[in-house]
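User: I should like to learn how burial, contacts and polar contacts are read from a model. Could you take me through two residues?

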Amino acid sequence: MSEFFSERFGATGINKHYLLGHDAAAAVLVDGRLVAAVEEERLNREKKTTDFPANAIDWCLKEAGITFDDVDLFAFPWNWSAQVLDEIRDGISSSPIPEDAKTRLIADMADLFDQVVSHEAILADFEARTGHRPDPAKVRFVPHHLAHATTGYYLAGMKDAAFLVSDGRAERFSTLTGEIREGRITVFDDTVTGAQYSIGTLFSSITRFLGFVPNNDEYKVMGLAGYAEPPTPNPFVENLLRLHDDGRYTFTKPLQTDNLHSHDALFEEYFGPFEDTLEYTSRVAAAAQEMLNVATAHQVRHLEKRTDLDRLLFEGGVALNCLNNTPMFEGSRFEDMQVSFGASDTGITIGAAAHAWLGHPDTGPEDIRAASAPVSPYLGPAYDEAAIEEALEGFTDRVVVSRLEDDEVIGHVAQLLREKVVIGWFDGRMEHGPRALGHRSILANPGFDDIKDIINTRVKHREPFRPFAPLVLEEQAPKIFDMGRKTSSPYMTFVFPVRDEYKDRIPGAVHVDGTSRIQTLTDEGTPRLTALLRKFIELTDTPCLINTSFNVAGEPIVLTPTDALNCFMGTEIDYLILGNHVIAKTDRVNQ
C-alpha cells in the first residue's frame, strides 16, 4: 500500500491519511459488550501509525478468548463504495484543473480504488496480513462519519442524542449532523459539508503553516491560542468563513484537500510573512481558534432547531479541540454534551463494531437496554506483578526497587509528590484514545511555579508554551473551576477557567489564559488514582495533581513495563511506579 501511494501520489501530497485515516486500532464486542480495544501505535511503537493493525487485532482476539472463526461480524470504519468513486470522478471532472491533469488524476483514483480502498482490496489486504479471509456475508463497511457518531453513542451509554461529527474528511464529506434514537441513525443530509470546506483540514493547514506536524500537532495550536487575543477584525472570520442559513459553512477559497499548502499565500496575506515568534504564531492560532468556534457554534445553533433531543454528542477529530467544546456547549440549549475518549480516529473501530452490532437482525431494544452503560476507557493490555518483575530484570544494575504492599503505595507516592518531583505512574489496563487518563501518566505537584517548565524541558522534551492538565476530584471540581453547566469532564475534552482564589495554589496547572483542561476523578472510575489524589490533598491541601501522558515528544504513550522503564531511564523522571514497585535510578540514590 505504501509503495502505491509514494509512486502514484507522491507529487500531489495524497497519502493514506487522505483516504484511510490514521490512528489504526482494533476492538472486539461480545454480545454488545466492549471487551477489548487498543491502538496499533501502542504495540508497534510508531506514533499515529497508519499501518494495518495486525498487532492490535491479534491482542484483541486473545483478550476476548476467541479466534477469527468465532467472529460473527467484521466491521471496517470506511465505506469506499463504487458510488463514492463515481462522485469523486464527477468532482474531478468539474474542477478547474487542466484537462490533462484531470485525466491523469481520474485514472490514478480508479487504480487507487481498485488496489487500495475498494471492498475487495481491503479484504485482500486483511487476508494478506492475518491469513484469514472473512466471509463477505459477515463483513460490514461502515461509513466513516457514521462510525464516529456510533462511537459517541455507544461509549456514552446508548441514550438518544443528537450528534455533530466534524473531522478532516470522511469518504466524501468533512462534517454532518443528525440524531440517534434507539440505536438507529438519521442523518440530516442537507447539513453535510464537502471536504473542500473542511474546518478540520483548514486547521491542519494552519498547523503546518505554523511549523508543526498536521494531523498530529493541532493541540499545539490550541496551546498557542491562549497567548493572544484574536485580531479584530479577524480575517479568517470576516474574509474566509461564510455561514449559511441551512447550518452549513463554506470558505471563500475552497481547499485543495490533497495539498495542505494551498492556502499559505492567503495566510500571509492576512497576517504577513511567516515569523517564527510567539507573537506571530499565537496571533494566527488565536484567529484560527475563533474561526473554528464560530463555525461549529453555527452548526449547533441549526442542529438544536432540527431536533427535540436534549443531549448532544460531538465526535471526530475537531471534537478534540477542547477550547471550542466548552463555549459550544454553554452557548447551546442542550442539557448535556459529551465528547468521548474515542472522538478521533482512535475510536472508530469501536463505533464500527457497535454499528454492526446495532444493525444485526438479532439485536433488539432489550439487547440495547442490557448493554446501555457508559464505557470505561481502560480497554487495553494490563501487566501483572510477574510481568513487571521480568521487565525489571533487564535494568537491575541501573535502578533501585522497593516493593510495597497495596495499602502502602498510595501513602508513599503522596509523600513523594509533596516535593518538586516528577513521577511516572503505570497502573492497570492501558487507556484508549489520545489522552493519558491516569493509567499511563506522568504526575507532579502543581503547587510549584516552575514545575511546568521542568516537565516540558527535562522530561517531555517539548515546547515550553505547552500546558498541563490537572486531575481533580469530581465532587470538588466546581469549587476550583468555573464549570458552567458541566458537572464532570473525565476525558480531558473540556477547558474551564480556574477560579481566582485557586490560581496561586495550582500555578503549574493553569494555562497563560487562566484556564485548565481538567480530568475529573471518581472512586468508581479510577479507584487507585483517586485514592492517591485524596491522600495528596490530605497531606498538602493542594486540590489537584498534574497529569500528562507517559511518553516523550514524538513517541506513543508507553504500553508495557519495559516501555515505561525505557522512558524513565531516558528522561529526568524522578521516580517510576510500576504496580506496587517504586523505582528510582541508581545514580540518583547514590548522590
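Analyst: The discussion below concerns Ser174 and Glu171 in this predicted model.

User: Where does Ser174 lie?

Analyst: The first step is to place a residue in the secondary structure. Ser174 belongs to strand β6, which covers residues 173-181.

User: Is Ser174 buried or exposed?

Analyst: Burial is judged by relative accessible area, with under 20% counted as buried. Ser174 has a relative accessible area of 1%, so this residue is buried.

User: Which residues does Ser174 touch, not counting residues up to four places away in sequence?

Analyst: With those sequence neighbours left out, Ser174 touches His145, Val165, Ser166, Asp167, Gly168, Arg169, Thr193, Gly194, Ala195, Tyr197 and Ser198. For Gly194 there is also a polar approach: its backbone oxygen is 3.3 Å from a polar atom of the Ser174 side chain.

User: Where is Glu171, and is Glu171 buried or exposed?

Analyst: Glu171 is found in the loop between β5 (161-166) and β6. Its relative accessible area is 7%, and therefore Glu171 is buried as well.

User: Which backbone nitrogen atoms does the side chain of Glu171 reach?

Analyst: A polar contact requires N or O atoms within 3.5 Å. The Glu171 side chain reaches the backbone nitrogen of Asn79 at 2.7 Å and that of His144 at 3.0 Å. Asn79 and His144 are also among the residues that Glu171 touches, including Trp78, Trp80, Val84, Val142 and Pro143.

User: How many residues apart in sequence are Glu171 and Leu85?

Analyst: Separation in sequence and separation in space are read independently. Glu171 and Leu85 are 86 residues apart in sequence, while their C-alpha atoms are 9.2 Å apart in space.

Note on methods
Residues are numbered from 1 along each chain as its sequence is written. This is a predicted model: local features need pLDDT of at least 70, side-chain atom pairs count only at pLDDT 80 or more; totals for chains, interfaces and linings use all residues. Side-chain values use heavy atoms; hydrogens and water are left out. Helices (H or I, at least four residues) and strands (E, at least two) are DSSP runs, numbered from the N terminus. Buried means under 20% relative accessible area, exposed over 50%, partly exposed in between (1.4 Å probe, protein chains only). A polar contact is a pair of N or O atoms within 3.5 Å; within protein, one must be able to donate a hydrogen and the other to accept it, and residues adjacent in sequence count only if both atoms are side-chain atoms. Contact means heavy atoms within 4.5 Å.
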